[in-house]
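Trainee: I've got the model open and I'd like to talk through its charged pairs and a helix contact. Can we take it step by step?

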Amino acid sequence: MAEPEPVTMDKIVSLSRRRGFVFPSSEIYGGMGSTFDYGHYGVLMKNNIRARWFEAMVRNRDDIVAIDSAVILHPKVWEASGHVGGFSDPLIDCRTCKLRFRADKLEDSNCGRKPSKRPGETPECDLTEPRQFNLMFETTVGALQEEGSRAFLRPETAQGIFINFKNVLQIARRKPPFGIAQTGKSFRNEITPGNFLFRVREFEQMEMEFFVPPDEADKWYRYWIDERLNWYRGYGLRDSKLRVREHGPEERSHYSQGTSDIEYDYPIGWGELEGIANRGDFDLTQHTEHSTTKLEYVGQDGERYVPYVIEPAVSIERIMVAMLVDAYDEEVVGDRERTVLRLHPQIAPVTAAVLPLIGKNDEMVGKARGLYEELRRRHSVEYDDGGAIGRRYRRQDEIGTPWAFTVDEQTLEDDTVTVRDRDSLAQERLPIADVRDWIEAALERDWKSPKES
Ligand code: GAP
């Protein structure tokens, strides 16, 4: 059998656009590089990723609570966190081609010349010395642009958690080990955004800060690496495409006592999907010093210490690219080609499609609409009566809908429908009255990517 063609980023971009997952932003004004808008299926898929993360990190646990902090925080937060002084990339400009490069990524960059060259490779290249470029977006708060009105859009959600440590400790009556989780937009003025959603300037982070007694930090660091890796496996990412890479000391952020990346084998090569860091007591200590509010744990027996923090941090964008790449498949069925997204059923934007076999048959349409109305109260379902049934199945395959329920002649006689499985294409019949329970049970079943043979 011929080897399947590799899944390229171009294929993912093209499907995402064709089926309305993701659009280039501001397109009617010529676009705004590396900025994207999400269409209907993109929104549904993002909602599912966020919901699965929230279940695993908050809802199904007793030791983690949620928070939703502001995007624009007091500017001193970013001084204390080290972002004003240190959240920067070294930048080099070329005076000839007017392009800008990351000094630490020159080897991976292309200069403006054709055929493509590395910056500095030709005598015409006129490169500046590296200078530090802060990645935070600045804004002004209030009507006047004056001293003291300068603020930043948050480059990570984590700091909104640290500055609320005391509130949560007191009001939620927590004791380490416990965590605070938050999802929300973060903003970074990336010098070299690109590769579709992989590196963008605004993205939705999902971060959890887990506060632990210092002598338990290493144990919890290892624990969270395993937990997060298993989360990806549970939602179908193939084992062969996942790995954990521990950072060397020179690579770690200023706050980190240990960092591991869960990496995915993207079409651009292995890249960071999620980072798990042992941040030590850096953040709580810094905010204690800068705010003069003591951020520490004091036990009833007088025991006091500054907890260490273990942080799993990821963006929905990185997960979305990994899941789309992992799910994308092309195959020939009979004499027809189909493109199919083999997404985990709990991640797929649409859980089930309801299709009358003949769209012009009023009885079939009535039954199908009845089933659709019933299912959509609980699930994301789609009704489609337009065009040949084969085309309608393929439309659903392309957006990853795991099951399609079809109302046909037999339904009118015995109130049964067929269910077609997206991956195996197997069909079975079941009573229309059982469809709701069937979906509930199917969603609970363990799922493994059929691409992992
Ligand atoms: N609070 C720690 C922190 O923000 P980070 O490694 O800079 O650490 C965490 O970011 C995660 O956020 C990354 O693992 C990645 O999933 C995501 N992320 C970071 N920058 C991103 C970008 N420009 N576009 C998309 N996702 C990004």
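Mentor: Sure, and let's start with a cut-off: buried means under 20% relative accessible area, exposed means over 50%, and partly exposed is in between. Keep in mind that this is a predicted model.

Trainee: Okay, is Glu331 buried, partly exposed or exposed?

Mentor: Its relative accessibility is 25%. Buried needs a value under 20% and exposed one over 50%. Glu331 therefore counts as partly exposed.

Trainee: Which residue meets Glu331 in a salt bridge?

Mentor: Look at the loop between strand 18 and strand 19, while Glu331 itself lies in strand 17, so the pair ties together parts that are 11 residues apart in sequence. The N to O distance is 3.2 Å. The partner is Arg342.

Trainee: And which other side chain meets Arg342 in a salt bridge, at 2.7 Å?

Mentor: This partner also sits in strand 17 (residues 328-333), 13 residues from Arg342. It counts as buried, because its relative accessibility is 15%. Arg342 counts as buried too, at 6%. The side chain you want is Asp329.

Trainee: Which residues are linked with those three in a network of salt bridges?

Mentor: Asp329, Glu331 and Arg342 belong to one network. Side chains of opposite charge can pair when their charged atoms come close. The other members here are Arg338, Asp397, Arg420, Arg422 and Asp423.

Trainee: Moving on, how far apart in sequence are the parts that Arg243 and Glu263 tie together?

Mentor: The two form a salt bridge, with the closest N and O atoms 2.7 Å apart. Arg243 is partly exposed at 35%, whereas Glu263 is buried at 5%. Arg243 lies in strand 11 (residues 242-246) and Glu263 in strand 12 (residues 258-266), so the separation is 20 residues.

Trainee: How many salt bridges does the structure hold?

Mentor: We've looked at a few, including Arg243 with Glu263 and Arg342 with Asp329. For the structure, the count is 45.

Trainee: Last one: how are helix 10 and helix 13 oriented to each other?

Mentor: Helix 10 (residues 362-375) and helix 13 (residues 435-444) pack with their axes 10 Å apart, at an angle of about 45 degrees. Leu371, Glu374 and Leu375 in helix 10 meet Val435, Arg436 and Ile439 in helix 13, a contact of 4 nonpolar, no polar and 2 charged residues. The crossing is right-handed. From that angle, the two helices are therefore oblique.

Technical notes:
Residues are numbered from 1 along each chain as its sequence is written. This is a predicted model: local features need pLDDT of at least 70, side-chain atom pairs count only at pLDDT 80 or more; totals for chains, interfaces and linings use all residues. Side-chain values use heavy atoms; hydrogens and water are left out. Axes are lines fitted to C-alpha atoms, for helices over the stretch in contact, and angles run from 0 to 180 degrees between N-to-C directions. Helices (H or I, at least four residues) and strands (E, at least two) are DSSP runs, numbered from the N terminus. Angles under 35 degrees count as roughly parallel, over 145 as roughly antiparallel, 65 to 115 as roughly perpendicular and the rest as oblique. A crossing is left-handed if the near helix is turned anticlockwise from the far one by less than a right angle, and right-handed if clockwise. Contact means heavy atoms within 4.5 Å. Ala, Val, Leu, Ile, Met, Phe, Trp, Tyr, Cys and Pro count as nonpolar, Asp, Glu, Lys and Arg as charged, and the others, Gly among them, as polar. A salt bridge is a side-chain nitrogen of Lys or Arg within 4 Å of a carboxyl oxygen of Asp or Glu. Buried means under 20% relative accessible area, exposed over 50%, partly exposed in between (1.4 Å probe, protein chains only).
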